[in-house]
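Here's a quick tour of a model, with an eye on confidence, one helix and a few charged pairs. Have the coordinates open while you read.

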Amino acid sequence: MDPEVEALAKQLRLREARELAAARGDRVRAFELAMESRDVEAMDAVARTLAPEDGDRARASATKRRDPLAEGIVCEAIGALDDAVGLFERAESYGRAAAIHRARGDVARAGRALERQVKRDPTDIAAKRALADVLISVDRPDAALRALTGVDDDDEVRALRARAHARLGLVDEARASPEPPRAADARLLFGRYDVVREVSSTVSARVLEARDRLDPERPRVALKIFTGTGHAGAGRDALVRFQREVEALAKIDAPTVLRPRAFLAEGPTLVLPWAAGGSVVDLLARGVPSPRRAAEIASRVLEALDAAHRRGIIHRDVKPANVLLDEAGGAFLADFGVAHLGDASATATAGVIGTVRYMAPEQRRGEPATTRSDLYAVGVMMVELLGLPTDPASWPDLPPEIGELLRALIEEDASARPADAAAVRARIAACAWPE
């Protein structure tokens, strides 16, 4: 065992120990530490990275600990779905069992599992929605409406009720969905994703909001689909950047990186979690957040960059539009499409890719980006989040430690800037940030 990992675990710094174990390639130990902390999201994330031989060891560890949920997560990740279903049911995680049944086309068993989940946890709104969807699909609209009793209205619930009413003959089918997506997007992609709308479009990719029919617990997703339009050279360059994003994300294991749920060769397409809170651009459009909130966002971005930098990956395009927020306001660094592995291929020509406002001076000169370049972008973004003028000479009086940190991050001379994201994060944590 790695002594540094075990030292952190002994101090009950389980998250740090897990991240270190994962960074050093010990995925089984990382999974064990996720089990110890009962972090289901982390167990899911680590399980997806397990090699087949590691999967057997992780499963053995979960069995030894008598943890059927953790064992089920491993089984699902390695494709032992029959075992996973049984283990999820033992753990009373019926929603997970239902998702597997649904993916296999066994709607009846999915419905029974969801009924058990709702009975076990009447507050599980996602399970109620999924159950209603299943009941409508087997022509039991009256039962679907009962399942939705007491569930607050949102677009998805209204659509489910409208479908049920249409089946009961209470409304015309044509009026069953009061706000259908525009015709160009009203379709099913890849056999499971119902497109809701187009979120954005560039010359090389489209981003669509969609709903995953096979994951009732987390139905909202974003589909980033490579289009490769434009002249031939631009299309090839865009495809290289898209492939680089896939490669980079596969190497980074950090909870603050927006990791894809799946990569589909068709398109090609990245399936990403839906960022219900929008981006930091949207946050700034609503007004300047509190200094403490600004520090929290910067800290999470630095956590993501630290994990990337330790894997030799430079993001090269850190900016508010690439920092996305979930429903709880947690920040995640996204869009590694121009990320570069720190190797001999990082040429001056490649260095000009990025967004000028947040580019470090050396990037603007066409020189290769470094970790210091990413940290310069974090500094510029912090200045924006704090509502400060761009010129440090015009800044109001700031607490000395905050002013010194910001000035260091946006130094013109790269050698005068910090190079270590973790060290900058520690400095942020040491500052007194007012509400």
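Let's fix the burial terms: buried means under 20% relative accessible area, exposed means over 50%, and partly exposed is in between (1.4 Å probe, protein chains only). With that, arginine 197 is partly exposed, at a relative accessible area of 39%, while its salt-bridge partner, glutamate 209, is buried at 5%. A salt bridge here is a side-chain nitrogen of Lys or Arg within 4 Å of a carboxyl oxygen of Asp or Glu.

This is a predicted model, where local features need pLDDT of at least 70 and side-chain atom pairs count only at pLDDT 80 or more, while totals for chains, interfaces and linings use all residues. Residues are numbered from 1 along each chain as its sequence is written, and side-chain values use heavy atoms, with hydrogens and water left out.

**Confidence**

On pLDDT (the predictor's confidence in each residue, from 0 to 100), the chain averages 84, and 88% of the residues score at least 70. Strand β10 (residues 340–341) has the lowest confidence, a mean of 50, and helix α17 (residues 371–385) the highest, at 97. Helices (H or I, at least four residues) and strands (E, at least two) are DSSP runs, numbered from the N terminus. Over residues 341–353 pLDDT stays under 50.

**Helix α17**

Twelve of the 15 residues of α17 are buried, so the rest of the structure largely encloses this helix. Among those buried are Asp374, Tyr376 and Met381. The end C-alpha atoms of α17 sit 21 Å apart, which agrees with the 21 Å expected, taking the span as 1.5 Å times one less than the number of residues. Threonine 370 caps the N-terminal end, with a side-chain oxygen 3.2 Å from the backbone nitrogen of arginine 372. After α17 comes glycine 387, whose phi is positive, near 70 degrees.

**Salt bridges**

The structure holds 36 of them; here are three.

| Pair | Closest N to O |
|---|---|
| Arginine 15 and glutamate 19 | 3.3 Å |
| Aspartate 133 and arginine 163 | 2.8 Å |
| Arginine 197 and glutamate 209 | 2.7 Å |

Arginine 197 in strand β2 (residues 193–201) and glutamate 209 in strand β3 (residues 205–212) are twelve residues apart. Arginine 15 and glutamate 19 share helix α2 (residues 14–23), four residues apart, about one turn of the helix. Arginine 15 is partly exposed at 38%, whereas glutamate 19 counts as buried at 17%.

Methods: Contact = heavy atoms within 4.5 Å. Polar contact = N/O pair within 3.5 Å; in protein donor to acceptor, adjacent residues only side chain to side chain.
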